[in-house]
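Dear colleague,

Please find below the structure that I am handing over to you, with its sequence. My notes on it follow directly after.

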Amino acid sequence: MRASGASSHKPHPAHCSPDPLFPMLTLLSMFYYICLRRRSRSGTRGEALTSRRAVESGQRATLPISVEVEQYAKEVLDFSSHYGSENSMSYTMWNLAGMPNVYPSSGDFTQTAVFRAYGTWWEQCASAPLPFRRTPKAFHSQDYIELAFEEPVYPTAVEVLETYHPGAIVQIMACSLNPFSQNPPTDVRWEVLWAEEPTKVLTPQARQFSPSIKQLSFPTNLIRVEVNSSLLKYYTELDAVVLRGQKERPILSLYKMPRIDICDLSDSDEELSDPGASFRQAGDGKHINLGNGYFDKLPYELIQLIVSHLTLPDLCRLTQTCKLLHQHCCDPLQYIQLSLQPYWARLSDTSLGHLQGRCTLLQRLNLSWTGNRGALTLTGFSSFMKACGGSLVCLELSCCHFLSEPCLEVISQTCPGLQELNLSSCDRLHPQAFTHISKLTQLRRLVLYRTKIEQTAMLSILTFCIELRHLNLGSCVMIDDYDVVASMLAVRCRSLRSLDLWRCRNLTERGLAELAAGCRLLEELDLGWCSTLQSSSGCFQHLARNLPCLRKLFLTANRTVCDSDIEELAANCPALQHLDILGTRMVSSSSLRKLLQACPKLLLLDVSFCSQVDARIVQELCGLFPNVAIKKSFTQ
């Protein structure tokens, strides 16, 4: 095809201009040569040269005949959260083990796996932590689950059966570790099979999600699924995960180029360059500018501001460019807050050691999800905390299974000013370990969701940590008497703003009454699945009268909530924003209408499985109050 306006006759070869593709081909050839000379993650130098010779000689590898294996998850190894309880199977992550229970049906079923949160409601609450700076835009994960399969295979497909409000899955990963092996490898590798941004699926109907995945260089029977439910209108529900693959490694007909780090194409590590070396002195004594662009002439504060917009990996790479940028990138002011959660798969003791000298002014640290399967040790963690913990005010340690009692002891000794501590889903910590938290007397936010804290340790914490503003004890099943805990809160923590008692089964109206009388500033209260509370005792009406600042109230699955309770909330809690009364049989549309009229700030109202509130009523209320997200789940 010729260009517009070109002559129709063919030019004489002697007058042809150079082929414009020639420089590009030369460049590609050079790049190919450099790549073959470099060691890569997927092969040795010898393997690369051997493969090169095979390509050059036109040899073709023969594809072996291999049977594809299909298997469902054998065991759930780990997860960050779930809607269900620790001693039942309803809505728990353990439902993902084995064959599907629900698919292809759609709807809200107890036999599925459901994460704890959805949407942006939780982020809008006062108890939500502040986001960390420098979080990569490509990191979207909020929750995860790890699944073990019977046989290691080279994956050809991963299928997730989503039965309600699909679209939350943002990443699927595979691990080189065989969780059933008696001889685990020293080097545990995680590879991303597929990743994408959160998507908003228009229909809540069931689907089989099977994205196109990359090929692995190792067999796996450990799959990790990460989700982000922020765009969903309701809880996503997963039914099963299928792993398809071949037992023998597939051989490509042509050599596949090793994966090369584009930032490392040299054969040797060069010394840091001096930014002043860009200016060379000519023979006449004058300075010649060799292309520095006078970057080193910028004010120190301006360079610091520019560098502050880089992600952590980019910041570390930039330190290797020149002495000037090395100085800026290692300045402790760049590490006032540090989130290592996005890099959980690569973080190790060595990583923390490299960062240790830069984090002397560290105030906020996020280590959530890190350190599992031996990646972090007590020695590495303790060394980092002793060097960098003195100024810490916030420490996020969600799902950190490397933690032990000595780790919490180190935290209590090295972080005297700590105000926020998150140990969510650290369910392998021994109960005795939590006693050390009582030494952190400046604590204002404490998250102990799905931990094994016992009553004695909890009472000790409440005795000394009287500055608490936010406390999460959701699914803490080893506390014997929540009435005693509620009474202690009422006496010691009168400035409490939020309290999560999700699935705390032994709280009674006596403890709730004392809590409401003592903690009058409460804005958030989660009493979901607290089945021992009975509306007939008047506890919910008393609660509404005593907590005028209430903004969020979850009474999920309490069958006894009635119209009188709703009307009392309407009369006394005008600031109410979130209300969940899922599962009650005694609330009618008339009381809901009063609530919606009296609470103009209401944003979320969940009336799923409320037998007196059918789909027609929900549709009518949505039309009258369009600013309120009224939730009504269904079962097909």
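How do the residues of the lining of the second largest pocket divide into nonpolar, polar and charged? In this predicted model, the lining comprises 19 nonpolar, 20 polar and nine charged residues.

The volume of that second largest pocket is about 1,600 Å³. The pocket is lined by 48 residues, and those closest to its centre are Trp122, Glu123, Pro129, Gln142 and Asn422. Four strands each give two or more residues to the lining: E16 (445-447), E17 (470-472), E18 (498-500) and E19 (524-526).

I turn next to the cysteines. A disulfide is a covalent bond between the sulfur atoms of two cysteines. A search of the whole structure finds zero disulfides. Why is there no bond between cysteine 329 and cysteine 330? The sulfur of cysteine 330 is the closest cysteine sulfur to that of cysteine 329, but it lies 6.7 Å away, which is too far for a bond; the cut-off applied to a disulfide is 2.5 Å. Cysteine 329 has 0% relative accessibility and therefore counts as buried. Cysteine 519 is likewise in no disulfide, and its nearest cysteine sulfur, in cysteine 493, is 6.9 Å away. With a relative accessibility of 0%, cysteine 519 also counts as buried.

The backbone deserves a separate paragraph. Most residues other than glycine have a negative phi, and most peptide bonds are trans. Where the chain passes from tyrosine 103 to proline 104, however, the peptide bond is cis, and its omega is near 15 degrees. Proline 104 belongs to the loop between strand E2 (75-79) and strand E3 (113-114).

Two residues should be noted for their phi. Serine 425 is not a glycine, yet its phi is positive, at about 60 degrees. Serine 425 sits in the loop that runs between strand E15 (420-422) and E16, and E16 is one of the strands named above for the pocket lining. Since its relative accessibility is 0%, serine 425 counts as buried.

Alanine 557, also not a glycine, has a positive phi of about 65 degrees. This alanine is found in the loop between strand E20 (552-554) and helix H13 (563-572). Is alanine 557 buried or exposed? Its relative accessible area is 12%, and because the limit for a buried residue is under 20%, alanine 557 is classed as buried.

With kind regards

How values were computed: Residues numbered from 1 in each chain as written. Predicted model: local features only at pLDDT ≥ 70, side-chain atom pairs only at ≥ 80, totals over all residues. Heavy atoms only, no water. 1 Å grid on protein atoms, 1.4 Å probe; cavity = no way out; pocket = protein on both sides within 12 Å on 5 of 7 lines; lining within 4 Å. Points joined across faces, edges and corners; volume = space filled by probe spheres on them. Nonpolar A, V, L, I, M, F, W, Y, C, P; charged D, E, K, R; others polar. Buried < 20%, exposed > 50% of the residue type's maximum accessible area, 1.4 Å probe, protein only.
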